[in-house]
Amino acid sequence: MLLFYRILINLVLILSPIIILFRLIKKKEDPKRFFEKFGFPSKKRLSGKVIWFHGSSVGEILSIMPLIEKLEKNKKVKQILITSSTLSSSKVLEKYKFNKTTHQFFPIDSNIIVNKFLNYWKPSVVFFIESEIWPNVIHNLYKRKIKIALINARITNKTFKKWFKLLNFSKNIFSKFELSLSQNKETIVYLRKLGTQNIKNLGNLKFSVTKKIKIKNKIKNFNLLSNKRILFGAISTHYNEEIFCGKIHLELKNKYKKYISIIIPRHINRAESIKNDLENLKLKVHLHSSKIKIKNDIDVYLVDTYGETKTFLNMCKIVYLGGSIIKRGGQNPLEAARSGCKVMHGSNVENFKEIYVLLNKIGVSSKIKNVRDAKLIINKNLQTKIRLKKNINKINLLGKKILNNIDLEIKNLI
């Protein structure tokens with residue numbers, strides 16, 4: 001099966017120049033750094049111990065920031081390599097100041113490219129985040145006797161069924177993990193069935209938060225925007241959800257005449273399209289990246305940059321979390337909850353099911369089915385002046401415990 005996989009990957013490799021070109025046109029690749037995906041490094045490998053973390057995109061990379069903060073102080077570690085696959089994740093990482101940490105794009109999982117990548121970086125330990133499983137990388141790491149771990153592991157039922165269809169192949173891969181740190185009980189069951197041996201459930205790393213790492217640049221237009229009154233924020237929205245949020249604003253516009261809504265889409269390359277959709281609803285939209293002064297009569301402030309979500313969350317009392325009205329499985333609500341926001345979400349939140357159960361239990365989040373439900377929650381919560389400080393403390397204490405336990409496991413591997 002591994003041989004068949006390698007044939008398929010090599011076919012992808014042959015087509016990759018066309019794929020990369022298409023993605024460059026769509027502005028989904030970095031024109032100066034896409035060659036990293038072919039195993040050509042753009043950063044220097046320092047002498048000494050290198051530990052490697054790999055996560056797919058923004059959510060996975062942000063989840064390990066508290067860990068990176070701790071590891072930056074670890075004298076045993078000379079360099080921390082973080083790889084990811086998306087342009088958005090690289091942009092977010094650029095916002096943080098690190099001394100030891102280097103970002104590269106994840107190499108195509110072809111045997112030739114993987115070996116070239118490993119020959120250059122020579123990591124001592126490798127940590128894959130959540131459900132990032134790459135057969136050629138894992139096989140070659142194991143062959144080189146490099147320790148491999150899966151951290152904040154999350155295997156959904158859908159993902160499990162795909163791996164289970166190729167059980168012998170799956171067991172050959174999953175058995176190579178020296179340690180797997182699961183974020184929920186469901187994942188433990190799936191990992192065991194797929195052949196993973198050393199599994200521990202220490203909780204979801206996304207409950208933890210970094211405090212000491214400073215953002216490099218200040219938010220543009222912040223002083224102008226801070227004078228506005230915020231109706232609600234919409235975070236990590238996907239296609240059609242911005243229209244849904246626009247309709248919510250329209251329903252409340254007459255009652256709250258001096259308020260605006262903030263929308264932060266999951267993929268900012270859609271910003272112009274979103275702006276057109278909202279303007280078709282007769283809403284006035286201001287783009288965050290715009291150099292034009294914010295007008296007093298705008299309805300929606302559309303954020304088309306990466307890495308500034310936390311600042312905007314601190315301005316909101318109520319937020320809608322994207323990917324939940326549509327069938328996307330939801331987005332992580334913890335950052336919004338930690339900021340003291342009331343969280344609205346749709347019924348499709350299976351990706352963060354256990355987190356939403358906790359947030360619902362302590363009264364931080366509420367499920368909505370339509371614009372009417374959202375309108376009722378916003379009306380109710382705009383009346384109260386108290387942010388959810390008690391619940392923020394509960395989340396932060398839990399996050400600190402999870403972070404310390406995972407950090408201890410990582411130190412033992414290092």
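This passage walks through the confidence, the nonpolar cores and the inner spaces of a predicted model.

The protein chain has a mean pLDDT of 91, with 95% of its residues at 70 or more. Residues 213-218 fall below 50, and this stretch makes 17 contacts in the model beyond near neighbours in sequence.

Turning to the interior, the largest nonpolar core contains 61 residues. Within this core, Phe53, Ile64, Met65, Ile82 and Val319 have the most contacts. Helix 17 (residues 389-413) contributes the largest share of the core, 6 residues. Ile64 gives a helpful view of the packing: leaving aside residues up to four places away in sequence, its partners are Phe53, Ile82, Ile129, Ile151 and Leu205. A second, separate core has 32 residues, among them Val50, Phe117, Ile138 and Ile146.

Some residues of this second core also appear around enclosed spaces. The whole structure holds 2 cavities of 30 Å³ or more. The largest cavity encloses about 40 Å³, and Phe117 is one of its lining residues, together with others including Glu36, Pro41 and Trp121. Strand 3 (101-105) and helix 5 (111-121) each provide at least two residues of that lining, which comprises 5 nonpolar, 2 polar and 1 charged residues. The second largest cavity, of about 30 Å³, is lined by Ile138 and by others including Leu2, His139 and Lys176. Helix 6 supplies the most residues to this lining, namely 3.

Among the open spaces, the second largest pocket has a volume of about 390 Å³. Of its 17 lining residues, Lys37, Ser85, Phe106, Ile108 and Trp134 lie nearest the centre. The lining of this pocket combines 8 nonpolar, 4 polar and 5 charged residues.

Technical notes: Residues numbered from 1 in each chain as written. Predicted model: local features only at pLDDT ≥ 70, side-chain atom pairs only at ≥ 80, totals over all residues. Heavy atoms only, no water. pLDDT = per-residue confidence, 0-100. Contact = heavy atoms within 4.5 Å. Core = buried A, V, L, I, M, F, W, Y, C linked by side-chain atoms within 4.5 Å. Buried < 20%, exposed > 50% of the residue type's maximum accessible area, 1.4 Å probe, protein only. Helix = DSSP H or I, 4+ residues; strand = E, 2+ residues; numbered from the N terminus. 1 Å grid on protein atoms, 1.4 Å probe; cavity = no way out; pocket = protein on both sides within 12 Å on 5 of 7 lines; lining within 4 Å. Points joined across faces, edges and corners; volume = space filled by probe spheres on them. Nonpolar A, V, L, I, M, F, W, Y, C, P; charged D, E, K, R; others polar.
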